[in-house]
Amino acid sequence: MGPFAASYILLVASAVRAFQYTELAQYVDSHQEEYVEALRDWVAVESDSSNVLKRSELNRMMEMVAQKLRQMGGTVELVDVGEQELPDGSTLALPKVATAQFGSDPNKRTVCVYGHVDVQPAKLEDGWATEPYNLTDINGNLYGRGASDNKAPVLAWIHAVAAYQALSMELPVNVKFLIEGMEETGSNGLDAMILAQRDTFFSDVDYIIISDCGWLSRRPALTYGTRGNCYFYAEVEGPKQDLHSGVYGGAVIEPMIDLIGILDTLISPSGKILIPGIREAVAPLSDEEWKMYQDIQFDMDNYRNKVGVSQLMYNNKVDLLAHLWRYPTVSIHGIEGAFSDPGTKTVIPAKVTAKFSIRQVPNMDPAAVKKQVTDYLHSVFAKRKSPNKLKVTMVIGAKPWLADTQHCPL
């Protein structure tokens with residue numbers, strides 16, 4: 001099943017109840033249908049940032065965001081953030097980033113709400129029980145690609161501001177919005193845009209709200225960091241065209257066999273990353289961190305049942321949470337060029353491309369990870385003495401971030 005969206009209405013209500021106004025909560029309760037329809041319109045847009053063929057849909061999604069903010073009377077701008085270089089060397093314009101401002105009282109704090117409206121790919125055959133881009137209500141829960149990550153939270157904050165406006169109530173803080181369309185693929189262009197507007201749009205921001213995280217239990221959670229992501233393509237190319245295994249099998253060194261061979265050297269069965277330099281860059285778990293993890297409310301059996309596996313990688317809470325949050329991981333996501341349709345096909349692919357990623361943590365640098373992975377895979381491939389060609393490309397290099405848990409600004 002796709003991402004589970006607990007009642008979207010509760011998200012909107014939570015945003016306004018944070019300001020403790022009963023009248024606002026009552027207003028939200030009476031506008032449920034309106035909020036759901038707005039989310040339905042947004043979910044229907046296939047704003048998949050990983051598929052360049054969907055870029056027009058992603059651009060349309062950003063226009064919809066800007067239009068909704070303009071209708072509320074905000075100072076809205078769609079900011080050009082440059083171009084994206086594709087693996088084949090060509091370039092494509094990045095979707096613009098939407099910024100908006102409501103209120104500019106120098107006597108008030110300024111809160112910036114960050115969110116994104118791009119999504120991961122979704123198809124029925126991926127395991128969805130409903131059409132991914134058709135918001136569906138099942139027993140009071142809303143299902144649809146992006147419903148929880150991150151279209152509903154973005155709309156929740158927008159509707160919270162709109163509720164104040166509808167009731168002619170003064171916002172207790174100045175509110176700014178920063179909404180992007182490339183979060184799922186590394187937030188291309190966002191770093192440069194933020195630096196460029198550091199002394200303008202962001203100059204008076206006191207707090208930033210990120211509504212793209214979850215809770216492990218019913219206990220409220222404060223997110224103080226997230227892992228980054230280095231996403232790689234490993235391409236092995238051999239014959240000039242696909243071959244029939246009944247005619248050519250045994251005569252050529254198959255690219256698929258080479259590719260699977262080098263993928264098998266990335267990580268051990270126990271989860272140990274085998275790429276030199278990766279684990280060495282990670283700071284050891286401190287006693288303070290261990291105590292903090294130990295105090296977290298987390299039921300491993302419930303987690304295991306929710307995931308649907310008979311066994312987790314680690315059998316105690318601290319080890320599992322530490323490897324979820326503060327240690328790097330390697331995940332292999334798929335192989336492009338291989339036969340994956342139903343039925344049988346005796347093809348030897350001429351070129352296959354593996355897609356894998358490394359979640360990185362503080363002290364790890366994307367540029368260093370790129371070199372470590374590239375050098376390692378080429379050294380492993382060289383030992384195979386294969387006539388095929390290997391090309392390794394890092395297409396995403398998103399840095400991790402970590403805040404000070406003792407930081408408590410007044």
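Biologist: How much accessible surface does the protein have, and what share belongs to carbon and sulfur atoms?
Modeller: This is a predicted model, and the computed accessible surface of the protein comes to about 22,300 Å². Carbon and sulfur atoms account for 50% of that.

Biologist: And what percentage of the residues is buried?
Modeller: Buried residues make up 41% of the 410 in the protein.

Biologist: OK, overall dimensions. What does the C-alpha trace span?
Modeller: Along the principal axes of the protein, the trace spans about 80 × 50 × 45 Å.

Biologist: How many helices and strands are in there?
Modeller: There are 12 helices and 18 strands. The radius of gyration is 24 Å, and the globule rule gives 22 Å for 410 residues; those values are close, so the protein is as compact as a globular protein of that length.

Biologist: What about contacts between residues at least 6 apart in sequence: what share joins residues at least 24 apart?
Modeller: That share is 74%.

Biologist: Let's talk about the five-stranded sheet. What's the strand order, and is it open or closed?
Modeller: It's an open sheet, ordered 2-5-9-6-10, with mixed pairing. The edge strands are strand 2, residues 75-79, and strand 10, residues 207-210; each of them pairs on one side only. From one strand to the next, the twist averages 20°.

Biologist: Back to strand 2. Does it run parallel or antiparallel to strand 5, and how many bridges join them?
Modeller: Strand 2 and strand 5 (residues 97-102) run antiparallel, and five bridges join the two. Within that pair, E77 sits opposite T99 of strand 5.

Biologist: Which strands does helix 4 lie across?
Modeller: Helix 4, residues 55-71, lies across strand 2, strand 5 and strand 9, the last being residues 174-180. Its direction is at about 165° to strand 2.

Biologist: And helix 5, which strands does that one lie across?
Modeller: Helix 5 covers residues 147-166 and lies across strand 5, strand 6 (110-116), strand 9 and strand 10. The angle between helix 5 and strand 6 is about 145°.

Biologist: Switching topic: where is N229 found?
Modeller: N229 is in strand 12, which runs over residues 228-237.

Biologist: Buried or exposed?
Modeller: N229 is buried: its relative accessible area is 10%, and buried means under 20%.

Biologist: So what does N229 touch, leaving out residues up to four places away in sequence?
Modeller: With those left out, N229 touches S357, I358, R359 and Q360, along with I396, G397 and A398.

Conventions
Residues numbered from 1 in each chain as written. Predicted model: local features only at pLDDT ≥ 70, side-chain atom pairs only at ≥ 80, totals over all residues. Heavy atoms only, no water. Pairing = 2+ DSSP bridges. Helix = DSSP H or I, 4+ residues; strand = E, 2+ residues; numbered from the N terminus. Axes fitted to C-alpha atoms, helices over the stretch in contact; angles between N-to-C directions. Contact = heavy atoms within 4.5 Å. Rg over C-alpha atoms; globule rule 2.2 N^0.38 Å. Buried < 20%, exposed > 50% of the residue type's maximum accessible area, 1.4 Å probe, protein only. Areas by Shrake-Rupley, 256 points an atom, 1.4 Å probe, with all protein chains shown as cover.
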